[in-house]
Amino acid sequence: MRQLSTEKLIISLLVLSLYPLSLQARPFILVVSQDDIKDTPTSSDDDSTVDWDDFGESETMPEEILDPGSWSPIFEPSIDPDAINGSYYITISKIMSAVSNGDVRVMEEAASEIEAAAKEGDPHARSVLGFLYGMGLMRERNKAKAFLYHHFAAEGGNIQSKMALAYTYLRQDMHEKAVKLYADLADIAVNSFLISKDSPVVEPIRIHNGAEENKGALRKLRGEDDEAFQILEYQAQKGNAGAMYKIGIFYYFGLRGLRRDRAKALMWFSKAADKGEPLSMELLGEIYARGAGVERNYTKALEWLTLAARQQLYSAYNGIGYLYVKGYGVEKKNYTKAKEFFEKAADNEEAGGHYNLGIMYYKGIGVKRDVKLACKYFLVAANAGHQKAFYQLARMFHTGVGLKKNLPMATALYKLVAERGPWTSLSRWALESYLKGDVGKAFLLYSRMAELGYEIAQSNAAWVLDKYGERSMCMGESGFCTDAERHQRAHSLWWQASEQGNEHAALLIGDAYYYGRGTQKDYERAAEAYMHARSQSNAQAMFNLGYMHEHGQGLPLDLHLAKRYYDQALEADPAAKLPVTLALTSLWIRRNYANSFLVHLIDSLPEVYPKVEAWVENVLMEEGNATILTLVACLLTVLYLRDRQRRHAVQPAGDVALPDQFNEHAAPALN
């Protein structure tokens with residue numbers, strides 16, 4: 001990236017690309033020009049900026065407080081559901097049992113209990129009822145009722161319903177309403193992040209790579225049963241400090257398929273720190289400052305952070321600077337020292353240092369307020385994937401302070417941050433269920449996340465329906481889903497995923513319309529979906545558009561455009577060389593032998609292929625029939641050559657054969 005003074009900063013927000021997953025939605029690209037950066041008076045009384053995060057008011061709060069109505073008491077054994085809302089969680093447990101065992105009666109019973117509680121005003125029951133109406137699960141699918149129940153649930157404090165509402169508004173381009181909800185959600189999320197650097201979070205994992213299970217990614221997520229984890233644990237037990245730190249991180253944040261266990265994490269961090277491991281020292285500083293699993297002690301926090309910084313762990317400077325800003329663990333607040341520590345971090349390309357300097361200039365803390373400079377610091381931090389920087393840029397776009405007001409951009413950035421909030425635990429539970437073979441529970445949890453607007457969850461839920469069919473335990477209005485209901489639900493999920501940039505989803509939507517899977521055949525809508533996938537550089541979509549132009553299906557019959565799309569498919573994916581070569585051969589035959597039997601043969605292939613496949617299986621595979629097929633092939637070849645000879649023989653005298661035109665009358669190269 002260019003220096004802070006450049007006139008154009010191109011920021012690639014790659015926060016969702018923490019795992020090497022295929023079929024990921026395209027990276028979010030934010031282009032900010034000099035015209036977008038506004039001059040703000042240094043004396044502005046604007047109070048739209050956020051206060052400094054407080055260690056003790058975010059991470060130490062349990063998930064059921066940050067995310068009221070969360071299903072964590074069902075999945076986290078350390079939480080007592082009776083201490084929160086016993087009857088509600090008993091019903092949620094019934095729902096989970098019903099989808100695991102495929103028990104329609106229990107599901108109907110649970111749905112009735114949820115509806116009764118919702119009528120009595122329970123906001124969390126209203127949220128679940130909104131989910132049931134949205135899915136059409138034991139209730140008639142009714143988007144209006146789903147919206148209404150989520151609206152009242154959100155007013156009653158249910159955070160996940162607020163996410164569902166925000167996503168609903170976003171899909172309808174109602175940015176003024178969506179941005180307010182996503183701003184509140186992002187505020188909750190950002191206050192749970194670490195101060196020194198970004199928190200490792202449980203990213204939703206794509207369980208498929210298109211047609212097949214994503215075994216490469218899933219292999220590493222089996223928790224303590226994973227062979228790689230067992231090797232790492234063995235290394236830690238033998239005294240490897242780096243392995244100790246990694247295991248501590250896995251337990252502290254619940255990564256790699258492990259349940260969160262703060263006690264185990266603290267034990268491993270302490271052992272690693274005793275061996276001089278700086279990352280563990282930094283985490284211990286964070287833990288003592290937050291009082292997460294230990295008694296809060298700012299003095300110890302400063303000691304551990306200082307020890308980590310002395311080993312040139314530059315992110316620790318952010319934590320030390322924060323303590324000086326707040327006056328925790330030090331004699332008094334000292335903005336000058338805080339700025340020095342942040343500058344040390346920034347000088348060593350630590351994103352948190354740029355972010356913290358941005359905050360100081362944004363709020364005028366110990367420095368003259370300079371919103372324009374603050375914005376540039378935030379942009380540098382955002383380019384490094386710093387979540388809090390995204391949040392501050394979202395606020396700038398939202399309020400028009402520092403950046404020109406842009407509600408669609410603000411909404412998109414808030415959503416990126418909000419999707420890293422505590423409700424992402426749904427992803428961990430869904431993955432855990434899937435890996436245990438409980439496909440029904442995994443599908444329900446992914447469906448809940450899909451309703452909240454998570455593209456990967458939408459993709460996963462749709463894939464489970466397509467892959468597992470009846471075994472997905474999909475339930476409809478009055479029982480198990482019919483084939484048509486499953487196709488329709490998968491179609492809806494793929495469509496939502498495609499709207500958020502999933503090119504594979506857009507391709508599947510096109511296929512559904514083209515072949516009439518789960519919907520009526522509609523070549524024009526198929527072409528629209530393929531166009532959407534093609535805009536994301538999907539080679540298969542380009543090829544399909546070429547085919548549709550070649551045959552005039554949903555698009556004008558245009559052989560030149562067909563060739564252009566075939567060429568684009570090859571440029572986008574070299575692996576498409578064989579099908580593209582065959583397609584170009586078909587175009588050549590179609591141009592030069594428009595009325596020959598070869599064109600009719602090519603056009604009949606889609607209808608003939610299933611019959612040929614059955615014939616090969618039932619006839620050809622019988623002994624002796626291969627000889628007959630060989631003779632038939634030879635006869636067809638002779639007929640073709642005689643037809644070609646006849647055409648040359650009847651050429652009028654005086655005619656001169658025209659030279660082959662490039663890519664028009666010349667057969668495409670087959671090499």
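At roughly what angle do the axes of helix 27 and helix 28 cross? The close-ups below start with that pair of helices and come from a predicted model.

**View 1. Helix 27 beside helix 28.** Welcome to the first close-up, where helix 27 (residues 539-551) meets helix 28 (residues 559-572). Their axes cross at roughly 165° and come within 8 Å. Angles over 145 degrees count as roughly antiparallel, so helix 27 is roughly antiparallel to helix 28. The crossing of the two is left-handed.

**View 2. The contact between helix 27 and helix 28.** Here we look at the residues through which these two helices touch. Helix 27 brings residues including Ala539, Met542, Phe543, Leu545 and Tyr547. Across from them, helix 28 offers Leu559, Leu561, Ala562, Tyr565 and Tyr566, among others. Sorted by character, the residues of this contact are twelve nonpolar, three polar and one charged.

**View 3. Helix 11 beside helix 12.** Next comes another pair, made of helix 11 (residues 241-253) and helix 12 (residues 262-274). The two axes come within 8 Å and cross at roughly 160°, which makes helix 11 roughly antiparallel to helix 12. This crossing, too, is left-handed.

**View 4. The contact between helix 11 and helix 12.** On the helix 11 side you can find Ala241, Met244, Tyr245, Ile247, Gly248, Ile249, Tyr251 and Tyr252. They meet Arg262, Lys264, Ala265, Trp268, Phe269, Lys271 and Ala272 of helix 12. The residues of this contact divide into eleven nonpolar, one polar and three charged.

**View 5. An aromatic cluster.** Some names from the previous view return here: Tyr245, Tyr252 and Phe269 belong to one aromatic cluster, together with Phe253. Tyr245 and Tyr252 are also among the helix 11 residues that meet helix 12, while Phe269 is one of their partners in helix 12.

**View 6. A stacked pair of rings, Phe75 and Trp429.** Across the whole structure, a search finds 21 aromatic pairs. What makes the pair of Phe75 and Trp429 count as stacked? The ring centres are 4.8 Å apart and the planes lie at 10°; planes under 30 degrees apart count as stacked. This pair links distant parts of the chain, with Phe75 in helix 2 (residues 72-75) and Trp429 in helix 21 (residues 425-435), 354 residues apart.

**View 7. Phe75 and Trp429 in their surroundings.** Are these two residues buried or exposed? Phe75 has a relative accessible area of 6%, so Phe75 is buried. Trp429 is buried as well, at 1% relative accessibility.

Definitions and conventions: Residues numbered from 1 in each chain as written. Predicted model: local features only at pLDDT ≥ 70, side-chain atom pairs only at ≥ 80, totals over all residues. Heavy atoms only, no water. Axes fitted to C-alpha atoms, helices over the stretch in contact; angles between N-to-C directions. Helix = DSSP H or I, 4+ residues; strand = E, 2+ residues; numbered from the N terminus. Parallel < 35°, antiparallel > 145°, perpendicular 65-115°, else oblique. Left-handed = near helix turned anticlockwise from the far one by under 90°. Contact = heavy atoms within 4.5 Å. Nonpolar A, V, L, I, M, F, W, Y, C, P; charged D, E, K, R; others polar. Phe/Tyr/Trp six-rings, centres within 6.5 Å; stacked < 30°, edge-to-face > 60°. Buried < 20%, exposed > 50% of the residue type's maximum accessible area, 1.4 Å probe, protein only.
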